Amino acid sequence: MQRALELARAAAAVDEVPVGAVVVVAGGVVAEAHNGTRTRDDPTAHAEMVALRAAARRAGGWGLLDATVYVTLEPCAMCAGAMVLARVRRLVFASTDPKTGMCGSLGCLVQDPRLNHRIEVTRGVLAEEAGELLRSFFRARRP
């Protein structure tokens, strides 16, 4: 999660919402990213999506069965859905997102029993540090 926080800080430095994500397999980092929606003009360039795409390319296929995704903010529906489709084993996130979070806040897509895959979830790892990074980013931009 520390590396994800470093990536979130890098996102803030280029005026992106400070979210970072790291994909780990067998104890090693296989992909990492920060938000890029503004700099890439791509609404799907959330940190998780960019990292999942890179991890799948590196794995040589879409399935990430042994992967753990670390992310500084609770994933939205798009990112949670992508993790289910990639069959990620575990998700670890820092701050909850009461407005768009779909891993416990508004719903829990990653553990929905109607889907063919469920992800183990750990919430709140370094939540205060990640939350403060987000709060200070938005405070600086909203009068």
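Strands E1 and E2 form a hairpin with 2 residues between them, and Ala26 in the turn carries a positive phi of about 55 degrees. Helices (H or I, at least four residues) and strands (E, at least two) are DSSP runs, numbered from the N terminus. The model is predicted, so local features need pLDDT of at least 70 and side-chain atom pairs count only at pLDDT 80 or more, while totals for chains, interfaces and linings use all residues. Residues are numbered from 1 along each chain as its sequence is written, and side-chain values use heavy atoms, with hydrogens and water left out.

To stay with the hairpin for a moment, E1 and E2 pair in the antiparallel sense over 6 bridges, where pairing requires that DSSP finds at least two bridges between two strands. Val25 has Gly28 in E2 as its bridge partner. Ala26, a residue other than glycine despite its positive phi, sits in the loop between E1 and strand E2 (28-34). At 79% relative accessibility, Ala26 counts as exposed; the classes are buried for under 20% relative accessible area, exposed for over 50%, and partly exposed in between (1.4 Å probe, protein chains only). Strand E1 offers another picture: 5 of its 6 residues are buried, so E1 is largely enclosed by the rest of the structure.

Strand E3 comes next. Of the 7 residues of E3 (residues 67-73), 6 are buried, so this strand too is largely enclosed by the rest of the structure. E3 pairs with strand E1 (residues 20-25) in the antiparallel sense over 5 bridges, and with E4 in the parallel sense, also over 5 bridges. Thr68 of E3 is a handy residue to follow here, being the bridge partner of Val24 and standing opposite Arg90 in E4. In a regular strand the side chains alternate between the two faces of the sheet.

A positive phi also turns up just before E4. Arg87, in the loop between helix H3 (77-86) and E4, has a phi near 60 degrees, again in a residue other than glycine. Its relative accessibility of 24% makes Arg87 partly exposed.

On the far side of E4, Gln111 belongs to the loop between strand E4 (90-95) and strand E5 (120-123). Gln111 is partly exposed, with a relative accessible area of 34%. Leaving aside neighbours within four places in sequence, Gln111 is in contact (heavy atoms within 4.5 Å) with Arg118, Ile119, Glu120, Val121 and Arg123. The C-alpha atoms of Gln111 and Val23 are separated by 19 Å, the two residues being 88 residues apart along the chain.

Stepping back to the whole protein chain, the secondary structure comes to 4 helices and 5 strands, arranged along the sequence as α-β-β-α-β-α-β-β-α. The radius of gyration is 14 Å, close to the 15 Å that the globule rule gives for 143 residues, so the chain is as compact as a globular protein of that length. This radius is taken over C-alpha atoms, and the rule is 2.2 Å times the number of residues to the power 0.38. Along its principal axes, the C-alpha trace spans about 45 × 30 × 25 Å. Of the 143 residues, 45% count as buried. Among contacts with a separation of 6 or more, 54% come from residues 24 or more positions apart.
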